[in-house]
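This report looks at enclosed space, ligand contacts and unusual backbone geometry. Keep the structure open while reading.

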Amino acid sequence: MFSIVSRPSWHLAERHATPELLHGNRRDFLKALGAGGLALSGMSWASAQEPAPAAAEANPLPPHERNPKFADAGRVMTDEKYPLMFNNFYEFSTRKDGPAKLAKGFSLDPYSLEVDGLVEKPLKFDLDQIEKLGYEERVCRFRCVEAWAMTVPWAGVPLAKLIAQCGVKAEAKFVAFQTFHDPKRAPGQKDTAFTWPYQEGLRIDEALNEMAFVATGLYGKRLAPQSGTPLRIVLPWKYGFKGPKSVVKMTFTDKQPATMWNSAIPAEYKFYSNVDPEVPHPRWSQASEKLLADVVERIPTQWYNGYGEQVAALYANMPRELY
Ligand code: MTE
């Protein structure tokens, strides 16, 4: 749709997208992430990224247990500091270290998730209503289209439980997710190369799959601003861009919804975008991935990010180039 798109990070040379991974060097990683700048301004990573302990205590997650089915992702859990300082959140910045600084203090309080489109009755949920549907923790592998990966404990509610509340009409075939729109607070939304707000979508049967998750917590705490406060969609078998952060609206529809990345660069970011080692991104291989860690390890990518048992049946009748 756009012939000129200002360079998103996954369009930059790989040295910008995953500097630490390429160099395998923690010093370069921190430098590329701007840690030097923070040190100069007298801040530590902890003070820059993490919510004040009092704030976390004032707003704890609901009581919950780890779902035994997703207790072990077969990989070492990623150190919490990485998901807090290495982000893609284009509403705030196209730099990996930008969201932690520029989204600091950002909140969508008082929050509500609006549901409209092909439903019996438009609805609004607050966080409490969503979390009461059945709160659990899941340790999942997460794979970005840029070929970096992490393993993190999300806390939240299966998306199917939320959809069950919505009175979805039989004609609905897709669900579209929409993120907040507030260019004054999120300066990235002034970038005219993209159609804001950030939009994503799923086919209804994908959305009802047990792997589709609505997260409001990470590492036992509320989602930090840069992680998509207060609610994001997590789809562990798809590339990370399919999971929108800071979602405020869900619309049920009979047509495949437009999505931000697919509208911007359709040849590179397809609607389905399931993790697949054999389908390279037009500009890089997806055969392996690099785990965010102090000492970087490169490992083979797994089809559906290793969740084929749960999701492969969804695509049984589709030609592979479509998904
Ligand atoms: N959601 C919104 N609203 N804006 C974004 O820029 N980036 C996506 C996804 N969700 C993005 C988003 C991409 S490309 C990835 S890889 C993940 O969020 C990154 O999540 P993380 O920063 O928590 O690792």
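Which strand gives the most to the lining of the largest cavity? Strand β5, residues 148-158, does, with three residues. The model is a predicted one.

**Cavities**

Rolling a probe the size of a water molecule over the atoms shows where empty space is left. In this structure there are three cavities of 30 Å³ or more. The largest cavity has a volume of about 310 Å³. Its lining comprises 24 residues, and N88, F89, R232, G240 and K245 are the closest to the centre. Sorted by class, that lining holds 15 nonpolar residues, six polar ones and three charged ones.

**Ligand site**

Where does the ligand sit? The ligand occupies the largest cavity. There are 18 residues around the ligand. Those that come nearest are Y90, E91, R232, G243 and K245. R232 is thus named among the residues closest to the cavity centre and among those nearest the ligand. K245 is likewise on the list for the cavity centre and on the list for the ligand. The shell around the ligand divides into 10 nonpolar, five polar and three charged residues.

Three polar contacts are set out below.

| Residue | Protein atom | Ligand atom | Distance |
|---|---|---|---|
| R232 | polar side-chain atom | oxygen | 2.8 Å |
| G243 | polar backbone atom | nitrogen | 2.8 Å |
| K245 | polar side-chain atom | oxygen | 2.7 Å |

How much of the ligand does the protein bury? Taken alone, the ligand exposes 530 Å², and the protein buries 100% of that area.

For R232 and K245, the contact comes from the side chain and goes to an oxygen atom of the ligand. For G243, a backbone atom faces a nitrogen atom of the ligand.

**Backbone geometry**

Most residues other than glycine have a negative phi, and most peptide bonds are trans. Which peptide bonds are cis here? One runs from D109 to P110, with omega near -5°. P110 lies in the loop between α8 (98-102) and β2 (113-117). Another cis bond joins T229 and P230, with omega about -10°. P230 is in the loop between α12 (225-228) and β10 (232-234).

S246 has a positive phi, near 50°, although it is not a glycine. Where is S246? The loop between β10 and β11 (247-253) holds S246.

Key: Residues are numbered from 1 along each chain as its sequence is written. This is a predicted model: local features need pLDDT of at least 70, side-chain atom pairs count only at pLDDT 80 or more; totals for chains, interfaces and linings use all residues. Side-chain values use heavy atoms; hydrogens and water are left out. On a 1 Å grid over the protein atoms alone, a cavity is a set of points where a 1.4 Å probe fits but cannot get out, and a pocket is an open set with protein on both sides within 12 Å along at least five of seven lines; lining residues have an atom within 4 Å of a point. Grid points are joined across faces, edges and corners, and a volume is the space filled by probe spheres set on the points. Helices (H or I, at least four residues) and strands (E, at least two) are DSSP runs, numbered from the N terminus. Ala, Val, Leu, Ile, Met, Phe, Trp, Tyr, Cys and Pro count as nonpolar, Asp, Glu, Lys and Arg as charged, and the others, Gly among them, as polar. A residue is near a molecule or strand if one of its heavy atoms lies within 4 Å of it. A polar contact is a pair of N or O atoms within 3.5 Å; within protein, one must be able to donate a hydrogen and the other to accept it, and residues adjacent in sequence count only if both atoms are side-chain atoms. Accessible areas come from the Shrake-Rupley method with a 1.4 Å probe; for residues, only the protein chains shown count as cover. A molecule sits in a cavity or pocket if more than half of its atoms lie within 2 Å of its grid points.
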